[in-house]
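Notebook open, coffee poured. I want to look up a few things in this one and write them down as I go.

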Amino acid sequence: MFAADHHMSFSSTSVSGFVCVSFSGYQSGRQFMADESVVCNPSTSQSLIIPRMKTMKRTGRIRFFGYDHVEKHHKILAMIRPPGHDGRTVDHQVLTLLGGGTEKATWRMAECGIPCASSRDRQSLCINGVFYYIELVSDWSLDGMIICFDVTSEKFSSVKFARDLYPVRRDYPGRLLDFNGKLALVPSDSLRDTSKCIVMWVLQDSEWSKLVYILPPMWKAVVGPKECLEIVGVTGPNEFVMSPIYSSDPFHVYYCDFEKGTVKRVVIQGMGAFGSGRRYYVRTCLNHVPQSPPKPTMKSQDRETSSLDTDQQHSSLPMDLMMDIFSRLSLKSIAICRCVSKQWGSVLGHSGLRLACVEDNKVIFLSSPQPQSSSPTPSPPVAADYHMSFSFDHPVQDISTSLNGFVCVYSSGCRSVNAKKSMEGEELVICNPSTGQSLTVPRMNSSRMTRFFGYDTIEKLHKVLGMIWLQDDRTVDHQVLTLGVGGGGTTWRTTGCGVPCSTWQRQNICINGVIYYVGRECDQMIVCFDVRSEKYIFVKFPDMIFWPVVLDFYGKLALVVLVSGIALTATSESIVMWVLQDPGRCTWSKRVYILPPMWKDVVDPREHLEIVGGTGPDELVMSPRYSSQPFHFYYCNFLKETVTRVVIQGMAFGTGRRYSIHTYLNHVEDVKRMEL
């Protein structure tokens, strides 16, 4: 929370985790007008006061906040709108904020070259490294234009409004929106329950295209008659998010899906515990990305003109054409293409739903778009496409979680030799479902081994933690193998554990560079292995817990305890979750989720479900452990008390027997080549 001493204020949209708050008005205890801007980081509570511009003019300052996504710097664009001068803005200046700098920040001049007058609307938007704000052709004209300021090159350009947008209102020309990476303008200032449609103008290659969205019939029944809403963003080409302009208790936002014809009201709790009792203005920032230290400091920087962003140069290529071209390239060429631009890197490394189907010694990977979170209405079926398959010499026993695009498959048992003999064996194979590459991990000098798969998020390397499993279940001789170093010299090396604990189950997970697995010395505990430093920490269980399920709960380890047993069924009533808040202090927090009343009506009484992840602190995703026709999983929202069943189509394959299913939420593809 940030305290302001001035009467009036204005805040920017969230730009890469930071916001810029401008204050103006008569300051308390003083008799002169104050005008200042502060850059704030809501994640760290850091705030930086922006220095005054190099100008003798004391009023009429206008400031816009943006982000250079090439150099990874925030910048302030400021200008003066003095009285007279036909209302035209002058003295355009730029200030760069850099991380880790110590020099004092200074303003530098930026040549605009576009004669325009301020529209008196301080609204601006930064999309993909470009400032957009509204200006007028002249002070006496109502002809509007969009000023575009490239944050990297610091060059100006302009785009006139479409003819149908004339004339614009001087006090409110329109609402600027980020429409899936493109600038959009909504001429209407607010939405009410009596509104019929939304008209939107989208800027595509310096040309405007008009889109008209007819509000669903249920709009009037869901939206309150006294509410005044503004569009705060989109979640897709056919779903808008609306928010009230002023506070209310409870506060809420609306999701309007024009394709499905639905309007959902989402209540935001916890906003009635502050304020003076009066209504206050609310700025809703959709898809805010928190930023953690290091904190940015201000430093002057002079730059030369750079070329246009590569993303803008290639954004006109159709997605299906790009994927067809990429599919014809070698793995080495694909790896090079990922470095061309952020857009190509996103296309070749996108996240989604991945299903691994295990049948004897074969693993089949299916890919699918990840469905949206739960809703009270039935969710439409989702199509799963065959992606890749791997065959092994022995029956598959276990598959790790997905780590930066790779999975680790453990197989063991008997295999046929010359159709007459059988040979006992085991192997550990690292697989990339995106490229089809697989690497067999070298064996340790023992026949009884336990191995865990991890990822060093700093050095960007995968590692395997191995140990010898003795007859009394204790583990000794802990060793580490690093993958991806190349040169063919990868070997196991010893790392000291210090506690000869037993690993009595295979439950393990890697979260943010730390491998967690369940162990036992005298009491049950969690063994934490830092993949980068290769050091151990031991955390005792918070309670007597039997057969917990380890889960990634928003970047923290969670132990899930099912009161009714080791699997969820239609008769289950609650879920107990212990979240590890601080491994160093052995601090746990307990959460108890009561399954909604509709749970037993939606879930098949013959099903045994496991929790495969979460989409938020109050929504968990459950999936069957074995195949079924049709296959499906469940979204359980404990805040809304809803259970949604999502059917996955396209999984009719195999020998007819049931096979085990491993479900990976938010699987991130990676086409890099792994080396030993």
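My notes below go from the whole chain to one sheet and then to one residue.

**Whole chain**

I am working with a predicted model here, so I keep that in mind throughout. I started with the secondary structure and found 6 helices and 47 strands in the chain. Next I looked up burial: 51% of the 676 residues count as buried. The accessible surface came out at about 33,500 Å². Carbon and sulfur atoms own 51% of that surface. I also checked how far along the sequence the contacts reach. Taking contacts with a separation of 6 or more, I got 51% from residues 24 or more positions apart.

**One sheet**

I then picked out a sheet to trace strand by strand. In what order do the strands of this open sheet run? I read it as β31-β32-β33-β34, 4 strands with antiparallel pairing. The edges are β31 (449–456) and β34, each of which pairs on one side only. As a reminder to myself, strands of a sheet pair through backbone hydrogen bonds, in either a parallel or an antiparallel way.

I walked across from the β31 edge. β31 and β32 run antiparallel and are joined by 8 bridges. For a register mark I noted Arg451, which stands opposite Gly466 in β32. Strand β32 covers residues 461–469, and its antiparallel pairing with β33 has 7 bridges. Gly466 turns up again at this second pairing, where Gln479 in β33 stands opposite. So my notes have Gly466 facing Arg451 and also Gln479.

The last step takes me to β34, a strand made of residues 493–494. β33 and β34 pair antiparallel over 2 bridges. The register mark I wrote down there is Val480 opposite Arg493 in β34.

Is β33 mostly covered or mostly open? I found it mostly covered, with 7 of the 9 residues in 475–483 buried.

**One residue: Glu230**

I wanted to look at one acidic side chain, and I settled on Glu230. Its place is in strand β18, residues 229–236. Is Glu230 buried or exposed? I call Glu230 buried because its relative accessible area is 8%, and the cut-off for buried is under 20%.

Which residues does Glu230 touch, leaving out those up to four places away in sequence? I listed Arg175, Val241, Met242, Ser243, Ile245, Tyr281 and Val282. Arg175 is the one I underlined in that list of contacts.

Methods:
Residues numbered from 1 in each chain as written. Predicted model: local features only at pLDDT ≥ 70, side-chain atom pairs only at ≥ 80, totals over all residues. Heavy atoms only, no water. Buried < 20%, exposed > 50% of the residue type's maximum accessible area, 1.4 Å probe, protein only. Pairing = 2+ DSSP bridges. Contact = heavy atoms within 4.5 Å. Areas by Shrake-Rupley, 256 points an atom, 1.4 Å probe, with all protein chains shown as cover.
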